[in-house]
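Visitor: I'm new to reading protein models, and I'd like to know where the labels come from. Could you walk me through this one?

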Amino acid sequence: MKTRGRILLSAAAGALLATFATLVGMAGATTAADPPTVRAVPSISGDAREGSTLTTDNGDWGGTKPITFAYQWRRCGNGGNNCADISGATAKTYVLVAADVGHRMRVLVRAANSAGTSSAVSRPSSTVKAATSPPPPATGPAGQVKLADGKTSIPVTSVSPPQRLVVSEVSFSPSPIRSRSPFQARFRVTDTRGYVVRGAVVYMIGIPYNRIALVPEQETGTDGYVTFTVQPTARFPLVAGGALVVFVRARKPGENLLAGVSTRRLVQASVGAAG
């Protein structure tokens, strides 16, 4: 009986050792790292034109994560072969230069993880084209006059849609207005391109209407300015911190007041107590 017990004990111990060895092997199998393997080759996106930027798509890689990537751009023949590494071109992106014109580009992608490294070459880009020539400079409006302040004056006849007139500068003198003596209102008209506009017809009226006398429309001068001499009425309020609201309109002669290149603006003049 003792012999039989020893045999059974030895058999149980052997089975336990075999199970332990199997578990150790399984643990080793699950913790072993797999090197990178390419499942979809890298590709290149972007406009293949001198001065444009190409970008690498890493493709799809298997293997233990994390995986890091490094790059080497290559200049290839028109068929995508006979490639040569481009010195210093080791970023994910690459800006095309004149030497690339007529060539196709590829990028070598190196993948690395804790188990090793692997590499794959992208599909070639399309053939690189020369940079687009800049358009010839646009011809400016007719009748330009260079002003002393550096701005350019044009006649209102040179302003057409989609351009518009703009009441770009406003001033009142004196400011604030402290009496019912005549004061001056000065406006400058430009267009949406920044040209000073001469010959624009400017109209102004106070709001409410009974605070200043009506003044006739006037045309802007070569410098784009127009100056009105304005007479306050007896209803003009002289109060500290007050304001006179003024409606201003600039238009092109002969056009509809509410259409074409016309513009409108509300402005205000500062008013003070009588001095």
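Visitor: How many helices and strands make up the secondary structure of the protein?

Guide: The secondary structure comes to 1 helix and 19 strands. Keep in mind that you're looking at a predicted model.

Visitor: What share of the 275 residues counts as buried?

Guide: That's 33% of them. A residue gets that label when its relative accessible area is under 20%.

Visitor: What makes S125 buried?

Guide: Its relative accessible area is 7%. The cut-off is under 20%, so S125 passes as buried. You'll find S125 in the loop between β9 and β10. Leaving out residues up to four places away in sequence, S125 touches I44, R104 and M105.

Visitor: And S175, is that one buried or exposed?

Guide: Exposed! The relative accessible area of S175 is 52%, and exposed means over 50%, so S175 earns the word. S175 also sits in a loop, the one between β12 and β13.

Visitor: How far from S175 is the C-alpha atom of G272?

Guide: The two C-alpha atoms are separated by 8.5 Å, although S175 and G272 are 97 residues apart along the chain.

Visitor: Let's talk about charges. Why is the pair E169 and R188 called a salt bridge?

Guide: The rule asks for a side-chain nitrogen of Lys or Arg within 4 Å of a carboxyl oxygen of Asp or Glu. For E169 and R188, the closest N and O atoms are 3.4 Å apart. Since 3.4 Å is within 4 Å, the pair counts as a salt bridge. The pair links distant parts of the chain, with E169 in strand β12 and R188 in strand β13, 19 residues apart.

Visitor: How do you know which of these two partners is buried and which is partly exposed?

Guide: Go by relative accessibility again. R188 has 3%, which is under 20%, so R188 is buried. E169 has 31%, which falls between the 20% and 50% limits, so E169 is partly exposed. The pair also has company: D149, E169 and R188 are linked in a network of salt bridges.

Visitor: What makes R249 and E217 a salt bridge?

Guide: Their closest N and O atoms are 3.0 Å apart, and the limit is 4 Å, so the pair qualifies. R249 lies in strand β18 and E217 in the loop between β15 and β16, so the salt bridge ties together parts that are 32 residues apart in sequence. R249 is buried at 12% relative accessibility, while E217 is partly exposed at 32%.

Visitor: Which side chain does D191 meet in a salt bridge?

Guide: That of R193, with 2.8 Å from N to O. D191 is buried at 3% relative accessibility, and R193 is partly exposed at 37%. By the 4 Å rule, the count for the protein comes to 9 salt bridges.

Visitor: How do you know that β15 and β16 pair?

Guide: Pairing takes at least two bridges between the strands. Here 2 bridges join β15 to β16, so they count as paired, and they run antiparallel. One example is V202, whose bridge partner in β16 is Q218.

Visitor: What is the strand order in the open sheet of 4 strands?

Guide: The order is β16-β15-β18-β19, with antiparallel pairing. β16 and β19 are called edges because each has a single partner strand, which leaves one side of each without a neighbour in the sheet.

Visitor: Which residues have the most contacts inside the largest nonpolar core?

Guide: L165, F187, M204 and F228, in a core of 31 residues. β12, β13, β15, β17, β18 and β19 each supply at least two residues of this core. Another core, separate from that one, has 17 residues, including W73, V107, A120 and V128. As for F228, the residues it touches include F183, F187, V202 and M204.

Visitor: What do I207, Y209 and L266 form on the surface?

Guide: A nonpolar patch, with about 330 Å² of accessible area together. L266 belongs to strand β19. At 56% relative accessibility, L266 is over the 50% mark, so L266 counts as exposed.

Notes. Residues are numbered from 1 along each chain as its sequence is written. This is a predicted model: local features need pLDDT of at least 70, side-chain atom pairs count only at pLDDT 80 or more; totals for chains, interfaces and linings use all residues. Side-chain values use heavy atoms; hydrogens and water are left out. Buried means under 20% relative accessible area, exposed over 50%, partly exposed in between (1.4 Å probe, protein chains only). Patches are made of residues with over 30% relative accessible area and no salt bridge: like charges are joined within 9 Å, nonpolar side chains (Val, Leu, Ile, Met, Phe, Trp, Tyr) within 5 Å. Accessible areas come from the Shrake-Rupley method with a 1.4 Å probe; for residues, only the protein chains shown count as cover. Contact means heavy atoms within 4.5 Å. A nonpolar core is a set of buried Ala, Val, Leu, Ile, Met, Phe, Trp, Tyr and Cys residues joined through side-chain atoms within 4.5 Å.
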